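Got the viewer open? Let's take a short walk through this chain, one selection at a time.

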Amino acid sequence: ALPMEVLMYIFRWVVSSDLDLRSLEQLSLVCRGFYICARDPEIWHQVCLKIWGRSCNKLVPYASWRDMFLERPRVRFDGVYVSKTKYIRQGEQSLDGFYRAWHQVEYYRYLRFFPDGQVMMLTTPEDPQSIVPRLRTKNTRTDAILLGHYRLSQETDNQTKVFAVIMKKKEEKPVDYHKYRYFRRVPAQETDHSFHVGLQLCSSGRQRFNKLVWIHHSCHITCRSTGETAVTTFDIDKMYTPLFFARVKSFTAYSEKPL
């Protein structure tokens, strides 16, 4: 008995700003009327605009906006990309020199993408069960999280790459003037650290767009007073294992605002 405009508004709340299209597909299974509402081209067009921006003005070669969402390479928002890295580190030699300890080190990298172009990155030894709930929103209090922006790039070799620039959250530290009252303090040069990340988007197994392979990682240190930037490029080796996608139901359990 509800008007079509009210139904469509409810459907936009289901999709929400997190682009929860999985819930929209489940809602379309209720009845024929809901199926028609869930296939509304305007909803899928807005979703494509949120993901690819101006580069999705043309529908060709896809049959519909929904087909573009399903077929065109994209990062996923209803979960987190995780990689686990292990390596053996040599420890200190014993006092008598008869043996040397070896340590097995394990740590995780987490990447969480948002539809508005923002990304979170975290490197920590803590397991996913304790870390994943903290990555639900961008306003997390975890200090080690890096925040930034990303973009998708479609290369001529028909490979989709993800490029991101991330940095640590800025914290204002109060200056203790009484500590340096009796001598002249030499001010330390303030610098900004940013990390440039390049990843190749792939599909593995039955899931689509669920794998990110490292292709670039560098650190840019910029001096605020002079504006000079020093770039350090890291070698992509065994320490940079691919990140695999894991769906997290709690990420789409609530809707903060409609599509």
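Start by selecting Arg 72 and showing whatever surrounds it: this residue touches Trp 52, Ser 55, Cys 56, Tyr 62, Asp 67 and Phe 209, leaving aside residues up to four places away in sequence. Keep in mind as you look around that this is a predicted model. Arg 72 sits in the loop between α5 (65-71) and β1 (79-93). Is Arg 72 buried or exposed? Colour by accessibility and you'll find Arg 72 buried, because its relative accessible area of 17% falls under the 20% cut-off. Now add Cys 48 to the selection and draw a distance between the two C-alpha atoms: Arg 72 and Cys 48 are 24 residues apart along the chain, and those atoms are separated by 9.7 Å.

Next stop, a helix pair. Select residues 4-15 for helix α1 and residues 41-52 for helix α4. How do α1 and α4 pack? Their angle is about 30°, and the axes lie 11 Å apart. That makes α1 roughly parallel to α4, since angles under 35 degrees count that way. Turn the view so you look through one helix onto the other, and check the hand: the crossing of α1 and α4 is right-handed.

Switch on side chains here. From α1 come Met 8, Phe 11, Arg 12 and Val 15, and they meet Glu 42, Ile 43, Gln 46 and Val 47 of α4. Colour the residues of this contact by type and you get 5 nonpolar, 1 polar and 2 charged.

Now jump to His 220, in strand β7 (residues 207-223). His 220 is buried too, because its relative accessible area of 17% is under 20%. Which side chain makes a polar contact with the side chain of His 220? Pick Ser 218: the two side chains are in polar contact at 3.3 Å. Then widen the selection to what His 220 touches, not counting residues up to four places away in sequence. The list runs through Asp 192, His 193, Ser 194 and His 196, then Thr 229, Ala 230 and Val 231.

Finally, zoom out and show the whole chain as a cartoon. You should be able to count 6 helices and 9 strands. Of the 259 residues, 36% count as buried. For one last look, draw the contacts between residues at least 6 apart in sequence: 53% of them join residues at least 24 apart.

Note on methods: Residues numbered from 1 in each chain as written. Predicted model: local features only at pLDDT ≥ 70, side-chain atom pairs only at ≥ 80, totals over all residues. Heavy atoms only, no water. Axes fitted to C-alpha atoms, helices over the stretch in contact; angles between N-to-C directions. Helix = DSSP H or I, 4+ residues; strand = E, 2+ residues; numbered from the N terminus. Parallel < 35°, antiparallel > 145°, perpendicular 65-115°, else oblique. Left-handed = near helix turned anticlockwise from the far one by under 90°. Contact = heavy atoms within 4.5 Å. Nonpolar A, V, L, I, M, F, W, Y, C, P; charged D, E, K, R; others polar. Buried < 20%, exposed > 50% of the residue type's maximum accessible area, 1.4 Å probe, protein only. Polar contact = N/O pair within 3.5 Å; in protein donor to acceptor, adjacent residues only side chain to side chain.
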